[in-house]
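Visitor: Could you take me closely through one part of this model, and set that part against the chain and the assembly around it?

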There are 2 protein chains.
Amino acid sequence: MTEPAYVAVDWGTSSFRLWLLDAEDNVLAERRSGEGMTTAAKTGFAPVLDSHLAAIQAPASLPVIICGMAGARQGWVEAGYVDVPARLSAVLGGAVAVDAEGRDIRILPGIAQRSMDAPDVMRGEETQLLGAIGTGASGERLVCMPGTHSKWVTVSGDRVTGFASFMTGEVFDVLSKQSILSHAVAGADSFDGTHPAFRAAVEMAARRPQMFTNLIFTCRSGQLLHGLDATAASARLSGILIGTEIAGGLSLSGEGAKVHLVASGRLKGLYEAALEAAGFTFETIDADDAVRAGLSMAAQSLFFSDARTSA
Amino acid sequence: MTEPAYVAVDWGTSSFRLWLLDAEDNVLAERRSGEGMTTAAKTGFAPVLDSHLAAIQAPASLPVIICGMAGARQGWVEAGYVDVPARLSAVLGGAVAVDAEGRDIRILPGIAQRSMDAPDVMRGEETQLLGAIGTGASGERLVCMPGTHSKWVTVSGDRVTGFASFMTGEVFDVLSKQSILSHAVAGADSFDGTHPAFRAAVEMAARRPQMFTNLIFTCRSGQLLHGLDATAASARLSGILIGTEIAGGLSLSGEGAKVHLVASGRLKGLYEAALEAAGFTFETIDADDAVRAGLSMAAQSLFFSDARTSA
């Protein structure tokens, strides 16, 4: 059995994921829970981490690298932001140490865009980007990272030149539960990217994004006038939101930029179908792989680079 | 003192307005309350109307003309829809009678657009349109009617050729209260169309509506990075929603259509400022005057046309 070398943590707003890894980045153990920042801010961050470390019997000397909301102002220890334009390697230099007895724990910073017109922040996605793109890349890229607040990022070589957050996931959730559209989507089953109502809505919204607040209303009026069923209404709402996001995201970049989708799970399928429906070619990178690769690069740089040099 | 000739009622989802009028449409008495369809569906429509008629001592013989949600399926008596393309005068022919002992009560129908791509419905706005435009109009018009679900209507002569509902007011409300943006707008004061954050947001959203779900996020990131205050964040959110609506609404019509704004109260000021900020010329028609004029035309046609012919 290989020796554990470090622990990597992706600490989001509502989710906690931890991996125990060896020196070759093989996963020796994994933990997932709902103890994201929102929960941990109440119970304390150290106890959450300690309980998971104890569960995998991590030695006390094992260092821990963390990305995500644990570094927010309302998180564990504020890790600040690197400002755009930002080399991805600058994220490594901005890591802050947590004052923990004995154990070396570091939290990676986010990236901020401080323009007055388009202020924006990310936390966690910078580590996915690092893992997906690396520190020695060249060429122009446009990277789509779907989620509660999806990010579209323009990358030139290994520099993040700009980005935009789209509230796609949260707006879907709020409209489905709190608006008049809740009547139309009540009882909807899960759907995937092959649902015709999803694809039609993506195509329509990507073509006419200025109709956003009208298109969403058609989930309700379609139910009233055409008997649109709940699952189709939900697929339609999702398609309108993702199609509008795609129109906005693609407008951030000039022609010729390569489009990368960094996603996993259900969102991966939905966004792949949506980008296809909107007529775009792209490459998919698994988001789970990307964040672990980014955390691994950070661990190598922060914990093991001296050892390597002296080896 | 002039004799009362009829009673006119605008019965919305959440509001009830009643006027006692003489034969020359002079207002002899007015009642306003929150007993809209939502309330009246529980307490009963007849008791609500009766209590207001009693309060103004309306004679039992006085006829009542009603528009709005009282004619919805979940309303008092379903008044159906006239389908587009629809002459505004067709609304008069679609009125249904309420089975009330002795009193002549009629409810006007709504207008429906049954296309599969853009299903839509209105109730109440058709009566405002009738009052604002009349039955003998000519030329092309684009009519903006702001509200919880704003309507943009294309009118050719005296025919409604198409329309679209935008969920502007409801989305503002839901995002302000239920999303992450609630942190940014908490404690906001009221603002009007002169607020610089409102005007800047309208201009930005009208120019780049595809960025809608990103622009709304800047209400939050602007607070995090630039200390945007709550009132400015709220004005910005409102401007983004109205600017996006304007971009969508104006796309419904060809060049050269005259833009009419049918609005009153605070929304009138906001939309006048927004249309100006987006660079459009328009004429304003007071929405309260318009609905009363429409109800008056209906009353003349339904209750008094025989009397006139025989006079």
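Guide: What follows looks closely at a strand of chain A, then at the chain as a whole, and then at the side of chain B that touches chain A.

This is a predicted model, and the part I would choose is strand S1 of chain A, residues 4-11, which is mostly covered, with 7 of its 8 residues buried. S1(A) has a pairing with strand S2 of chain A, residues 16-22, in the antiparallel sense and over 7 bridges, and S1(A) and S2(A) form a hairpin with 4 residues between them. Within that pairing, A:Val7 has A:Leu20 of S2(A) as its bridge partner. S1(A) is also joined to strand S4 of chain A, residues 64-68, by 5 bridges, and here the two strands run parallel; in this pairing A:Asp10 stands opposite A:Cys67 of S4(A).

Around this strand, chain A holds 12 helices and 15 strands. Its radius of gyration is 21 Å, close to the 19 Å that the globule rule gives for 311 residues, so chain A is as compact as a globular protein of that length. Along the principal axes, the C-alpha atoms of chain A fill a box of roughly 70 × 40 × 40 Å, and buried residues make up 52% of the 311 residues in the chain. Of the contacts in chain A with a separation of 6 or more, 68% are between residues 24 or more positions apart.

The largest nonpolar core has 210 residues, and those with the most contacts inside it are A:Ile66, A:Ile216 and A:Leu237, together with B:Ile66, B:Ile216 and B:Leu237. Leaving aside neighbours within four places in sequence, B:Leu237 is in contact with several residues of chain B, among them B:Phe172, B:Leu181 and B:Ile216.

Turning to the two chains together, 40 residues of chain B are in contact with 40 residues of chain A. On the side of chain B that touches chain A, the elements that each supply at least two residues include S10, strand S13 (159-166) and helix H10 (230-250) of chain B, and the residues of that side divide into 21 nonpolar, 15 polar and 4 charged.

S10(B) also belongs to an open sheet of 3 strands in chain B, in the order S5-S9-S10 and with mixed pairing. Strands S5 (81-83) and S10 (120-122) of chain B stand at the edges, each with a single partner strand, so one side of each is left without a neighbour in the sheet. From one strand to the next, the twist averages 25 degrees. Strand S9 of chain B, residues 110-113, runs antiparallel to S10(B) and is joined to it by 3 bridges, with B:Ile111 opposite B:Met122.

Definitions and conventions:
Residues are numbered from 1 along each chain as its sequence is written. Chains are lettered from A and ligands numbered from 1 in the order in which they are written. This is a predicted model: local features need pLDDT of at least 70, side-chain atom pairs count only at pLDDT 80 or more; totals for chains, interfaces and linings use all residues. Two strands pair if DSSP finds at least two bridges between them. Axes are lines fitted to C-alpha atoms, for helices over the stretch in contact, and angles run from 0 to 180 degrees between N-to-C directions. A nonpolar core is a set of buried Ala, Val, Leu, Ile, Met, Phe, Trp, Tyr and Cys residues joined through C-beta atoms within 7 Å. A residue is buried if 20 or more other C-beta atoms lie within 10 Å of its own, exposed if 12 or fewer, and partly exposed in between; C-beta atoms are placed from the backbone. Two residues are in contact if their C-beta atoms, placed from the backbone, lie within 7 Å. The radius of gyration is taken over C-alpha atoms; the globule rule is 2.2 Å times the number of residues to the power 0.38. Ala, Val, Leu, Ile, Met, Phe, Trp, Tyr, Cys and Pro count as nonpolar, Asp, Glu, Lys and Arg as charged, and the others, Gly among them, as polar.
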